[in-house]
Structure formats: C-alpha cells, structure tokens
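Okay, thanks for coming, everyone. Let me put the structure up and then walk you through a few places in it.

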Amino acid sequence: MVLTDILPAERADVADAAAIETKEAALLRLSELLARPSTKTKMTVGDFYRVLCEREALQSTGIGDGVAIPHGSLDGLESQRAALLVCPDGLPFDAIDGRPVRILFAVVGPKRTTGEHLKTLARVSRLLRDAAFRQRLLSAKEGAQAWALVRQAEGVRV
C-alpha cells in the first residue's frame, strides 16, 4: 500500500491563511476532506470531526517540525482514509516543540484494524520527517500539487 491509496487527490488541500487560523478550523477542514467522496462512506463531517477532536483532547498530535498527524478510528468505517492540509503560514496547534503547525496529515481507520492503522501512521511519520519533502509540500499552490508531491515521494509516477 502507498499513502495515495487512502489519500485521493480530492482529499488534499492548501489552505488560504485567512480561512484556517486555529486548530479547530484545521480539524474541521480535515474532517470535510475526510468525508469526500461522500458516496463511499456513511460517515459525516461531524463523525470525523468528533474523532479528531477526541484524540486532540488526549494530547496534541503536533509532532514537531511544523507537522501534525491527527488520527483516530471509527466504528462503521469501511477502510482507512487520509486527508492532507497544508497551511503555509502555520497555526497554533500545541505541538510538542511549541512551534506552529504547517502540514497536517490526518488518518482515520476502522476500529477493527489497529495494526494497519499504526503502520499507516508510521509511514506518514517517515515521509514527513524529510525536511526537503516538507519544504516542497509548503511550496505547493493547490491541493492537487501537494497530492502529486506525496505520490512522487512514494515513488509512484504521477
């Protein structure tokens, strides 16, 4: 599996600085992305938002270096889903290093697939550890370009 198997292009976005200024706004936007395409899941934007907020209430998923990996699991979800939100100007996120978060990569999976979910989170973490890759993502002007960079980084021809 490659990340773009669970992250189609329509679930990647580059935020306008004025539109996303808070952690809550970023989690809501990620939830909207995760709900796309709506015909393939019974889950609503509210379902995704609830699970991401519940996880953030435990401890911030801001892992440092401008990256956050909000994640969780939902009963009734058919398969893992991912969403990517790039916020070039950054936003406060209570990250472990205290710095603003600029790249958010959300992963939500079915409750019954804990092992697969953990492997996916590890894959996302490895990808986002690469400083040069993070810089390329931050230069993306639109979601499709950010998605193509993820696909390229995984060695898949775009």
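**Starting from one lysine**

So, K23 first: this residue is buried, because its relative accessible area is just 11%. Before I go on, keep in mind that this is a predicted model.

K23 sits in helix α1. What does K23 touch, once we leave aside the neighbours within four places in sequence? The contacts are E56, S60, L91, P92, F93 and D94. With F93 there's a nice detail: K23 lies over the face of that ring, 4.8 Å from the ring centre. As for S60, there are 37 residues along the chain between the two positions, and their C-alpha atoms are separated by 10.0 Å.

D94, from that same contact list, deserves a word of its own. You'll find D94 in the loop between β5 and β6. At 62% relative accessibility, D94 counts as exposed. And have a look at the backbone: D94 has a positive phi of about 60°, although it is not a glycine. Most residues other than glycine have a negative phi.

D65 is another one to check, with a positive phi near 60° and again a residue other than glycine. D65 lies in the loop between β2 (62-64) and β3. Its relative accessible area is 45%, so D65 is classed as partly exposed. And while we're on phi, G155, just after α5, takes a positive value of about 80°.

**Helix α2**

E56, which K23 contacts, takes us to α2. This helix covers residues 45-58, and the length checks out: 14 residues at 1.5 Å each should span 20 Å, and the end C-alpha atoms are 21 Å apart, which agrees.

Which residues of α2 are buried? They are F48, V51, L52 and E56. Looking down the axis, those buried residues fall within an arc of 135°, so they line one face of the helix. On the other side of α2, A57 and L58 are exposed. And what does the buried face pack against? The partners are α1 (23-34), β4 (71-74), β5 (81-91) and β6 (101-110).

**Helices α4 and α5**

Now turn to α4, residues 131-138, where F133, R134, L137 and L138 are buried. They cover an arc of only 140° around the axis, which puts them on the same side of α4. Please note the arginine, R134, in that buried set. Packing against the buried residues of α4 we have β3 (67-68), β5, β6, α3 (114-128) and α5 (143-153).

In α5, the buried residues are G143, A146, W147, L149 and V150. Seen down the axis of α5, they fall within an arc of 155°, so here too the buried residues line one face of the helix. What covers them includes β1 (12-14), β5, α3 and α4.

You'll have heard β5 come up with α2, with α4 and with α5. So let me pick one residue from that strand: G90 lies in β5. Not counting residues up to four places away in sequence, G90 touches P100, V101 and R102. There's a long-range pairing as well: G90 and A17 are 73 residues apart in sequence, yet 8.1 Å apart in space, C-alpha to C-alpha.

**Cysteines and rings**

Last topic, for anyone who was about to ask. How many disulfides are there in the whole structure? The search finds zero. C53 is in no disulfide, and its nearest cysteine sulfur, that of C87, is 15 Å away. Seen from the other end, C87 is in no disulfide either, with the sulfur of C53 as the nearest one at 15 Å. For a disulfide, the two sulfur atoms would have to be within 2.5 Å.

Are these two cysteines buried or exposed? C53 has a relative accessible area of 25%, so it's partly exposed. C87, on the other hand, counts as buried, because its relative accessibility is 4%.

And aromatic pairs? With ring centres required to lie within 6.5 Å, the count comes to zero. For F93, then, the contact to remember is the one we started with, K23 over the face of the ring.

That's my tour. Happy to rotate the view if someone wants another look.

Technical notes
Residues numbered from 1 in each chain as written. Predicted model: local features only at pLDDT ≥ 70, side-chain atom pairs only at ≥ 80, totals over all residues. Heavy atoms only, no water. Phe/Tyr/Trp six-rings, centres within 6.5 Å; stacked < 30°, edge-to-face > 60°. Lys NZ or Arg CZ within 6 Å of the ring centre and 35° of its normal. Buried < 20%, exposed > 50% of the residue type's maximum accessible area, 1.4 Å probe, protein only. Helix = DSSP H or I, 4+ residues; strand = E, 2+ residues; numbered from the N terminus. Expected span 1.5 Å × (residues − 1). Arc of directions from axis to C-beta. Contact = heavy atoms within 4.5 Å.
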